[in-house]
Amino acid sequence: MIPLLLIAGLTLATAAVALALRNLIHSALLLIASWAGIAAFYLWAGAEFVAFAQVLVYVGAVSMVVLFAVLLTRRSRDDISVAIDSPARGIAALLTGGAVLGVLFGAVISSPLGAPAAGARPSLSVKELGLQLMGPHAAALLIVGVLLTVALLGAVVIAAGDRTDAAERKPEGNP
Amino acid sequence: MTYSPLHLCLLFSSALFCIGLIGALARSNTILVLLGVELMLNAANLNFIAFWRYGPPTAPGTGVIFVIFAIAVAAAEAAVGLALVIAVYRHHRSIRLQDANQLKG
């Protein structure tokens, strides 16, 4: 129980600080810590494969893509700090989030989830997982492969931009 | 009153979801909004694992396989989202959400 509380506290604190900071790079680096905390939760819960997938995909790949996006979309060397937005917007967001949090906490606490099945820790080896993925879930695996290919090709096409666009913007001068 | 581990896991994931929601609503920087959405997706994955671990027994590996597919889709979403951020930046020279207010580039 203590590890869960530690992991939860660390993850929530880093996520909250990351979304409140002004410096985008600091936000991205703190979110890496938050994602690593989520991977630690998966390890604690016994889902080792998901934990390693989380480390590979989020801590390794998505964080790098986010950092690249931050660095590619800044106008000058010190344009990585974003001003805090209007206080009204922040207060409205806090009120909405607090209301959702209250509803969710109330629903979770008041629901009888039953006693935990003591000792009934489900175990799943990587071999079993692979057999499941290639057996009953083979169609879903193929569709996810196609989805990833199409999405990454689409991302390249969207981000690359066309040459005429760049040529016609050149006279404006590169800020 | 003591809570079962499942309760604690669900409270953890609801808190993470709400942090992501507040971040996505309060900030006007597109990258931070996208990161808030990613946090909400992660909170949903936490729920899958929590119910797989502590919920009533089901077919082995149901929750784990669901989370693996969710992570794959989330990776695709992050790649396309950040490509869109770069495309918007190229048109508007800004990634504030309020500045991207026209459909024609």
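Begin by displaying chain B together with chain A in this predicted model. The area buried between chain B and chain A is about 6,800 Å², and carbon and sulfur atoms account for 77% of that area. To see the residues involved, select those of each chain that touch the other: 67 residues of chain B are in contact with 82 residues of chain A.

Next, colour Phe12(B), Arg27(B) and Arg53(B). Within chain B, these three residues lose the most area to chain A, and together they make up 10% of what that side buries.

Now show the helices of chain B. Which elements give two or more residues to the side of chain B that touches chain A? They are α1 (5–26), α2 (30–54) and α3 (62–92) of chain B. Select α3(B) in particular, as the largest share of this side, 23 residues, comes from that helix. If the side of chain B that touches chain A is then coloured by residue class, it divides into 49 nonpolar, 13 polar and five charged residues.

Turn to the polar links between the two chains. Between chain B and chain A there are 12 residue pairs in polar contact, counting pairs with both residues at pLDDT 80 or more. The count of salt bridges between chain B and chain A, by contrast, is zero.

Return to Arg27(B) and centre the view there. Where in chain B is Arg27(B) found? Its place is the loop between α1 and α2 of chain B. Is Arg27(B) buried or exposed? With a relative accessible area of 7%, Arg27(B) is buried, because the limit for that class is under 20%. Add Leu19(A) to the selection: the backbone oxygen of Leu19(A) lies 2.8 Å from a polar atom of the side chain of Arg27(B).

Finally, select the cysteines Cys9(B) and Cys18(B). How many disulfides are there over all chains? The count comes to zero. Cys9(B) is in no disulfide, and the nearest cysteine sulfur, that of Cys18(B), is 16 Å away. Cys18(B) is likewise in no disulfide, with the sulfur of Cys9(B) as its nearest cysteine sulfur. Because a disulfide requires two cysteine sulfur atoms within 2.5 Å, the separation of 16 Å leaves Cys9(B) without a disulfide. Switch to a surface view to examine how accessible the two residues are. Cys9(B) counts as buried at 3% relative accessibility, and Cys18(B) is buried with a relative accessible area of 2%.

Key. Residues numbered from 1 in each chain as written. Chains lettered and ligands numbered in written order. Predicted model: local features only at pLDDT ≥ 70, side-chain atom pairs only at ≥ 80, totals over all residues. Heavy atoms only, no water. Buried < 20%, exposed > 50% of the residue type's maximum accessible area, 1.4 Å probe, protein only. Contact = heavy atoms within 4.5 Å. Buried area = accessible area lost by both parts, 1.4 Å probe. Salt bridge = Lys/Arg side-chain N within 4 Å of Asp/Glu carboxyl O. Polar contact = N/O pair within 3.5 Å; in protein donor to acceptor, adjacent residues only side chain to side chain. Helix = DSSP H or I, 4+ residues; strand = E, 2+ residues; numbered from the N terminus. Nonpolar A, V, L, I, M, F, W, Y, C, P; charged D, E, K, R; others polar.
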